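Trainee: Please pick one part of this model and take me through it closely. Then tell me how it sits in the rest of the chain.

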Amino acid sequence: MLASAWRSVATSVETQLTATYFRGSSSNPTLLLRSWRTIPRADAPGFGAIRRRFLAVPVICPSLVKLQKLRKVGFRGMHSTLEDVQLEGMEIKILPALQDNYMYLIVDTKTREAAVVDPVEPELVIKTVQEQQLTLSKVLTTHHHWDHAGGNEKLLKLWEKELDVYGGDDRIGALNKKVQQDDTFTIGGLHVKCLSTPCHTTGHICYHITAQQGSGEGAVFTGDTLFQGGCGRFFEGTPEEMYEALCTKLSALPDATKVFCGHEYTLQNMSFARHVEPDNEVIQQRIEWAKHRRASQDPTVPSTIGEEKSWNPFMRVHEATVQKHAGGATDPVVTMGKLRKEKDTFKA
Ligand SMILES: [Zn+2]
């Protein structure tokens with residue numbers, strides 16, 4: 001009886017917090033959540049459940065990535081919860097958008113300077129930047145599709161200060177810093193290197209961010225080129241180009257590099273990966289893990305480059321098992337083309 005009363009209080013508070021967050025009210029849900037931390041644990045049944053639901057829950061992963069659920073609010077109407085990932089010298093804030101897109105805030109831990117990747121929902125970006133007291137200076141656009149670049153102009157209008165807008169395609173709105181392969185720039189003290197990965201679109205850019213120039217694993221923002229367990233459709237390119245992107249450029253990054261992709265497609269992609277390699281155990285394990293994460297609307301990003309090499313069929317086109325599935329050709333580019341064709345009509 002008491003437990004159910006607490007649960008209904010929890011639900012009501014959650015609804016209020018969510019509404020407050022999106023109404024743009026002056027009260028700050030993050031501070032409110034933090035203040036809950038100071039409340040001594042009550043003996044009433046159900047109170048623990050409230051704490052678990054609202055307070056920060058640091059999770060230490062084997063690879064020492066710290067996922068911090070600092071702002072588990074706003075999940076009504078959002079496909080995933082908001083999460084922060086701590087890496088060497090940087091903090092990545094995962095911001096869900098639209099039906100299954102991800103935007104990301106990359107924050108230099110020392111200077112608090114930040115860049116945003118694909119800000120299709122600028123209001124949430126601005127709200128987070130203000131709430132976290134960040135200095136937003138750059139926009140990193142992966143490609144021109146509306147669900148990635150469609151918020152650039154609105155962000156500039158709402159932000160009212162100057163922003164450098166990076167991208168590799170003239171079709172990107174508000175673009176003022178056009179980049180190509182191997183171009184570099186900084187976000188505070190962080191180093192950014194551009195990787196040109198044409199195929200999904202001709203001007204697609206992936207951004208590799210490290211704490212120190214030329215070294216360290218860091219993070220790579222792969223847009224619609226590399227997804228967890230899959231890759232983007234070949235709208236404007238060829239199997240050769242996707243092979244170059246996935247198996248030459250992205251595969252050359254250190255295995256521990258964290259991969260932040262443009263969509264939450266992991267379960268669908270992994271279902272296809274299992275279809276291609278039914279005996280690959282890491283695929284099955286990742287599916288179980290991802291199901292668990294999605295049951296509570298937790299994002300499945302990031303993975304790592306090393307993990308993608310172990311389960312992503314499109315990065316495994318050299319493997320005999322994958323080649324056999326794709327018809328037996330031993331040419332990895334032919335295998336790439338056949339896999340993509342099959343995936344285009346695959347029903348998970
Ligand atoms: Zn796209």
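Mentor: Start with the terms. A helix is a DSSP run of H or I with at least four residues, a strand is a run of E with at least two, and both are numbered from the N terminus. By that count the protein chain has 12 helices and 17 strands. This is a predicted model. Of the 348 residues, 54% count as buried. Take contacts between residues at least 6 apart in sequence: 56% of them join residues at least 24 apart.

The part I choose is the second largest pocket. It holds about 390 Å³ of space. Twenty residues would be a long list, so take the centre: of the 20 residues in the lining, Arg233, Tyr265, Asn269, Arg340 and Lys343 are the closest to it. Two elements give two or more residues each, helix H8 (266-276) and helix H12 (332-344). H12 gives the most, with 3 residues. By class, the lining has 8 charged, 6 polar and 6 nonpolar residues.

Now look at Asn269. It lies in H8. Its relative accessibility is 3%, so Asn269 counts as buried. Beyond its neighbours within four places in sequence, Asn269 is in contact with Phe227, Gln228, Gly229, Gly230 and Lys343. Lys343, like Asn269, is among the residues closest to the pocket centre.

Widen the view to H8 as a whole. Its buried residues are Thr266, Asn269, Met270, Ser271, Phe272, Ala273 and Val276. Why can such residues line up along a helix? An α-helix has 3.6 residues a turn, so residues three or four places apart point the same way. The cover over the buried residues of H8 includes strands E14 and E15 (230-231), helices H9 (281-295), H10 (305-311) and H11 (320-325), and H12. So H12 turns up twice, in the pocket lining and in the cover of H8.

H12 has another partner. Tyr243 lies in helix H7 (residues 239-249). Among the residues that Tyr243 touches, leaving out those up to four places away, are Pro332, Val333 and Met336. Others in that set are Thr248, Val317 and His318. Tyr243 has a relative accessible area of 19%; buried means under 20%, so Tyr243 is buried. Tyr243 and Val334 are 91 residues apart in sequence, yet their C-alpha atoms are 9.7 Å apart.

E14 leads to the metal. The protein donors of the zinc ion are His143 (NE2), His145 (ND1), His200 (NE2) and Asp224 (OD), at 2.2 to 2.3 Å. Their spacing in sequence is H-x1-H-x54-H-x23-D. His200 is in the loop between strands E11 (190-196) and E12 (205-210), and Asp224 is in the loop between strands E13 (219-223) and E14 (226-227), so the pair ties together parts 24 residues apart in sequence. His200 is buried at 4% relative accessible area, and Asp224 is buried at 4% too. The angles among the 4 donor atoms run from 90 to 171 degrees, and the site is irregular.

One backbone detail remains. Val301 and Pro302 are joined by a cis peptide bond, with omega about 0 degrees. Pro302 sits in the loop between H9 and strand E17 (303-304). H9 is one of the elements that cover the buried residues of H8.

Conventions: Residues numbered from 1 in each chain as written. Predicted model: local features only at pLDDT ≥ 70, side-chain atom pairs only at ≥ 80, totals over all residues. Heavy atoms only, no water. Donors = N, O, S within 2.8 Å, 3.2 Å for Na, K, Ca; no water. Tetrahedral: all angles 85-135°; square planar, octahedral: opposite > 155°, others 65-115°. Buried < 20%, exposed > 50% of the residue type's maximum accessible area, 1.4 Å probe, protein only. 1 Å grid on protein atoms, 1.4 Å probe; cavity = no way out; pocket = protein on both sides within 12 Å on 5 of 7 lines; lining within 4 Å. Points joined across faces, edges and corners; volume = space filled by probe spheres on them. Nonpolar A, V, L, I, M, F, W, Y, C, P; charged D, E, K, R; others polar. Contact = heavy atoms within 4.5 Å.
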